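Welcome! Take a moment to look over the model below, and then read on for a short guided tour.

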Amino acid sequence: MIPMVDLHTQYQSLKAGIDAGIQSVLDNTHFILGENVRALEAEIADYLGAAHAVSCASGTDALHLALLAAGIGPGDEVITTPFTFIATAEAIAYVGATAVFVDIDPATFNLDVNLAEAAITDKTRAILPVHLFGQACDIPALSALCEKHGLLLIEDCAQSFGGKHGDRFTGTFGAAGCYSFFPSKNLGAFGDGGLVTTNDDALADRLRMYRNHGSRKQYVHEEIGYNSRLDELQAVILRQKLPHIDEFNAGRRRVAHRYSRNLADLPVQTPAESADAYHVYHQYTLLLDDRAAVQEALREQDIASAVYYPIPLHKQEAIIKHSKVAQALPVAEQTAARCLSLPVYPELSDDNVDRITEVIRRVLA
Ligand SMILES: *Cc1c(COP(=O)(O)O)cnc(C)c1O
């Protein structure tokens with residue numbers, strides 16, 4: 001069996017440190033907002049080169065709290081991509097704002113910057129791009145667009161921990177960068193977790209207030225906030241994994257590049273790497289016509305594959321009433337119909353990559 005992601009092997013390789021870390025939390029019984037959360041926030045801020053890193057309970061909450069702390073609310077429009085996980089648009093709905101969908105670039109599947117400007121109205125307050133599948137979107141162009149129109153830039157980095165544009169990490173370009181530590185993400189906890197990066201002191205202060213019941217001082221509550229804290233057990237696990245993130249991402253890139261070489265002569269679109277992006281392959285996603293046949297052949301060999309994402313967000317029942325479509329979205333629709341993601345994780349061996357591509361070759365050649 002080759003799974004989409006192998007969390008067991010990664011745990012085995014770091015077991016001694018993780019187990020000792022968990023035991024230390026159990027021994028001191030300080031479970032919420034303790035030394036590991038503080039240390040993890042400092043270590044991640046340092047790694048990413050951000051002034052502040054504020055942890056919270058999930059990537060979804062990171063997006064929600066970032067929009068809330070940035071003051072985005074009812075009546076506001078937020079431009080985003082329809083080809084992403086639903087949480088990106090859910091967070092916009094949570095604050096009462098409207099998601100405005102713009103089509104994606106056919107090569108990278110990221111928000112098409114050339115189409116974003118036409119979607120700006122006098123209600124637009126922010127642009128929320130996703131660094132999809134681990135590849136930075138054209139973030140300098142989006143920054144320039146936000147600057148020109150006085151908009152906030154909030155980055156969904158749930159899939160791009162360690163990914164870069166040029167020599168800067170994703171999540172350090174906009175007002176806020178929103179990360180997820182869901183177990184299967186590039187930096188994954190053993191449960192839910194999230195984090196927001198920002199260089200804005202006031203925004204960081206509001207994020208800390210909102211994640212802890214709207215409180216800056218114990219039992220003094222200025223605003224309605226949330227219970228959205230990362231717990232110490234997750235923080236101690238993430239601290240064991242963080243020093244290995246570059247090596248994990250390099251392993252993902254090895255797998256991806258081997259797939260692309262092996263599949264180069266077949267009728268599939270392999271992932272395009274933008275010139276300035278350091279792609280960290282949260283997913284390795286092909287475009288092809290015979291998706292069902294390839295999935296079936298892989299399944300017969302006990303090899304997992306997955307469709308991320310089969311329905312673009314402008315077609316999701318839950319999102320339709322909280323969103324607007326600025327223009328036709330043909331690329332997102334065609335991509336959703338033709339995309340297929342293959343197993344990718346640092347521990348996937350070259351032999352298994354070759355086995356997978358041989359199965360695909362038998363179907364398509
Ligand atoms: C995983 C993910 C999220 C949500 O993160 P959770 O930690 O699962 O809440 C948001 N956006 C994108 C693009 C994601 O992949």
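The largest share of the shell around the ligand, 3 residues, comes from helix α3. Helices here are DSSP runs of H or I with at least four residues, strands are DSSP runs of E with at least two, and both are numbered from the N terminus. Please keep in mind that this is a predicted model, in which local features need pLDDT of at least 70, side-chain atom pairs count only at pLDDT 80 or more, and totals for chains, interfaces and linings use all residues. Residues are numbered from 1 along each chain as its sequence is written, and side-chain values use heavy atoms, with hydrogens and water left out.

**The ligand and its surroundings**

- The ligand is surrounded by 16 residues, and the closest are Gly-59, Thr-60, Gln-159, Ser-180 and Lys-185; a residue counts as near a molecule or strand if one of its heavy atoms lies within 4 Å of it.
- Thr-60 has a polar side-chain atom 2.5 Å from an oxygen atom of the ligand.
- In the side chain of Ser-180, an N or O atom lies 2.6 Å from an oxygen atom of the ligand.
- Asp-156 has an N or O atom in its side chain 2.8 Å from a nitrogen atom of the ligand.
- Taken alone, the ligand exposes 380 Å², and the protein buries 93% of that; accessible areas come from the Shrake-Rupley method with a 1.4 Å probe, and for residues only the protein chains shown count as cover.
- Two elements, α3 and α4 (87-94), give two or more residues to the shell around the ligand.
- A polar contact is a pair of N or O atoms within 3.5 Å; within protein, one must be able to donate a hydrogen and the other to accept it, and residues adjacent in sequence count only if both atoms are side-chain atoms.

**Helix α3**

- Helix α3 covers residues 59-69, and 8 of its 11 residues are buried, so this helix is largely enclosed by the rest of the structure.
- Buried means under 20% relative accessible area, exposed means over 50%, and partly exposed is in between (1.4 Å probe, protein chains only).
- The buried residues of α3 include Gly-59, Ala-62, Leu-63 and His-64.
- At the N-terminal end of α3, Ser-58 acts as a cap, with a side-chain oxygen 3.3 Å from the backbone nitrogen of Thr-60.
- Just after α3 comes Gly-71, which takes a positive phi of about 80°.

**Strand β8 and its neighbours**

- Strand β8 (residues 176-180) is mostly covered, with 5 of its 5 residues buried.
- Which residues of β8 lie on each side? Ala-176, Cys-178 and Ser-180 are on one side, Gly-177 and Tyr-179 are on the other, and all are buried.
- Strands of a sheet pair through backbone hydrogen bonds, either parallel or antiparallel.
- Two strands count as paired if DSSP finds at least two bridges between them.
- Strand β5 (residues 152-156) pairs with β8 in the parallel sense over 3 bridges, and the bridge partner of Glu-155 in β8 is Gly-177.
- Strand β9 (residues 194-198) runs antiparallel to β8, and 4 bridges join them; here Gly-177 stands opposite Thr-197.

**A small open sheet**

- Another place to look is an open sheet of 3 strands in the order β7-β6-β12, with antiparallel pairing.
- The edge strands are β7 (168-169) and β12, each of which pairs on one side only.
- Strand β6 (residues 164-165) is joined to β7 by 2 bridges, and the bridge partner of His-165 in β7 is Arg-168.

**Loop residues worth finding**

- His-279 sits in the loop between β12 (277-278) and β13 (284-287), and at 3% relative accessibility His-279 counts as buried.
- The side chain of His-279 reaches the backbone nitrogen of Tyr-281 at 3.0 Å.
- Phe-109, in the loop between β3 (98-101) and α5 (113-116), has a phi near 70°, a positive value in a residue other than glycine.
- Is Phe-109 buried or exposed? At 5% relative accessibility, Phe-109 counts as buried.
- His-213 lies in the loop between α7 (201-211) and β10 (215-217), with a positive phi near 60°.
- At 36% relative accessibility, His-213 counts as partly exposed.
- The peptide bond from Tyr-308 to Tyr-309 is cis, with omega near 10°, and Tyr-309 lies in the loop between α10 (291-300) and α11 (317-320).
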